[in-house]
Amino acid sequence: MNWLLGHFDTLRESLLRLAQQPLATLLNVLVIGISMSLPAGFYVGLNNVQTFSRQLSSDPQISLFMTMDASAEDVAGIEQRLRNHADVGRFEFVSRERALERLKRSAGLADVLSDLGRNPLPDAFVVTARNNDPAILESLRAEAVKWANVEHVQLDAEWARRLDAALGVGRLLVSLLGALLATALVAITFNTIRLQILTRRDEIEVSKLIGATNPFIRRPFLYLGTLQGLAGGGAAWLIVTLAGMALNLQLTELVTLYGTSFALEPLSARDSVILLGLSAAVAWLGSWLSVSRHLWQIEPR
């Protein structure tokens with residue numbers, strides 16, 4: 001119980017010390033908040049890009065284009081293969097004539113295509129797999145390429161996989177940026193606590209004279225650093241949230257022009273807790289390193 005009361009008193013005294021230095025506290029909190037908001041903002045952006053890409057992309061489809069000289073029997077053979085294949089969920093046959101009509105309607109090229117004198121499009125099958133696993137899709141595409149009278153096989157979700165790969169690179173860059181800024185925050189907190197120790201040098205010497213242990217003397221400095229880190233995490237959360245709200249105001253008009261709906265999702269409750277916890281932990285680490293480095297140098301005279 002005494003241990004708990006001691007920590008409570010230290011917490012209260014640390015809050016009072018921060019309140020007695022409002023400008024210095026505010027500047028430290030802003031530095032931590034701005035630094036932590038950068039990786040947090042990029043993380044939110046990547047998550048929203050991934051969400052938006054999933055909205056745009058439907059089930060991955062594989063398009064099988066027949067050779068121009070494929071006969072009705074050849075088409076029937078491919079249809080039977082697809083019907084019996086374990087990885088094929090459903091498929092649709094698109095004849096040359098139907099494909100040409102679609103192209104005329106969608107591209108507005110009716111006059112140009114009419115002047116060609118013949119249909120340049122092949123028969124095709126649009127296949128939807130039972131499983132969206134990229135490995136299964138690639139296996140199905142590689143198998144279909146070898147079938148007789150199949151000239152070309154296209155996996156329509158190729159762009160989605162490329163986007164996922166790009167997002168993976170983005171997540172790695174965010175992690176590296178976060179690590180670099182966390183190291184910088186450790187250094188900032190280290191220097192801030194060092195100045196606090198030098199300012200209270202006489203108080204520390206007196207505490208040691210009356211028998212105070214190093215863990216007891218270290219405790220208020222750890223609380224000071226941790227509280228500033230926690231407040232900095234809150235500032236980072238506020239910066240990211242306000243920036244997302246401002247961007248949503250502009251995005252509303254943009255997505256309306258494209259006839260879709262999309263809004264940036266803020267940090268989830270879990271991610272918010274992680275942000276606050278990381279900010280506090282990084283600041284605590286900087287405080288602990290600083291106290292461990294400088295406290296032993298102060299001895300009663």
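This text follows the interior cavity, a nonpolar surface patch and the salt bridges of the structure. The model is a predicted one.

The interior comes first. Over the whole structure, the search returns one cavity of 30 Å³ or more. The space in this largest cavity amounts to about 60 Å³. Three elements each supply two or more residues to its lining, namely α2 (22-56), α7 (158-199) and α9 (214-257). Of the elements, α7 contributes the most, with four residues. The full lining consists of Asn-28, Ile-32, Ile-188, Thr-189, Thr-192, Ile-193, Gly-225 and Gln-228. Sorted by class, five of these residues are polar, three are nonpolar and none is charged. Gly-225 takes its place among the polar residues because Gly is assigned to that class.

The surface offers a second feature. Leu-23, Leu-26, Leu-27, Leu-30, Ile-34 and Ile-239 together make a nonpolar patch of about 550 Å². Helix α2 gives the most to this patch, with five residues, while Ile-239 belongs to helix α9. The relative accessible area of Ile-239 is 34%. Patch residues need over 30% relative accessible area, so Ile-239 qualifies on this criterion. Ile-239 is nevertheless classed as partly exposed, because the exposed class requires over 50%.

The charged side chains complete the picture. Side chains of opposite charge can pair when their charged atoms come close. In this model, the count comes to four salt bridges, and three are described here.

One of them joins Glu-92 to Arg-98, with 2.6 Å between the closest N and O atoms. Glu-92 is partly exposed at a relative accessible area of 32%, and Arg-98 is likewise partly exposed, at 36%.

Another salt bridge links Glu-138 and Arg-141, whose closest N and O atoms are 3.3 Å apart. Both residues lie in helix α6 (residues 134-145), where a separation of three residues corresponds to about one turn of the helix. Glu-138 has a relative accessibility of 27% and counts as partly exposed; Arg-141 is also partly exposed, with a relative accessible area of 27%.

A further salt bridge connects Asp-271 with Arg-270, the closest N and O atoms lying 3.5 Å from one another. This distance falls within the 4 Å limit, so the contact is counted as a salt bridge. Here the two partners fall into opposite classes of accessibility: Asp-271 has a relative accessible area of 13% and is therefore buried, the limit being under 20%, whereas Arg-270, at 60%, is exposed.

Definitions and conventions:
Residues are numbered from 1 along each chain as its sequence is written. This is a predicted model: local features need pLDDT of at least 70, side-chain atom pairs count only at pLDDT 80 or more; totals for chains, interfaces and linings use all residues. Side-chain values use heavy atoms; hydrogens and water are left out. On a 1 Å grid over the protein atoms alone, a cavity is a set of points where a 1.4 Å probe fits but cannot get out, and a pocket is an open set with protein on both sides within 12 Å along at least five of seven lines; lining residues have an atom within 4 Å of a point. Grid points are joined across faces, edges and corners, and a volume is the space filled by probe spheres set on the points. Patches are made of residues with over 30% relative accessible area and no salt bridge: like charges are joined within 9 Å, nonpolar side chains (Val, Leu, Ile, Met, Phe, Trp, Tyr) within 5 Å. Accessible areas come from the Shrake-Rupley method with a 1.4 Å probe; for residues, only the protein chains shown count as cover. A salt bridge is a side-chain nitrogen of Lys or Arg within 4 Å of a carboxyl oxygen of Asp or Glu. Buried means under 20% relative accessible area, exposed over 50%, partly exposed in between (1.4 Å probe, protein chains only).
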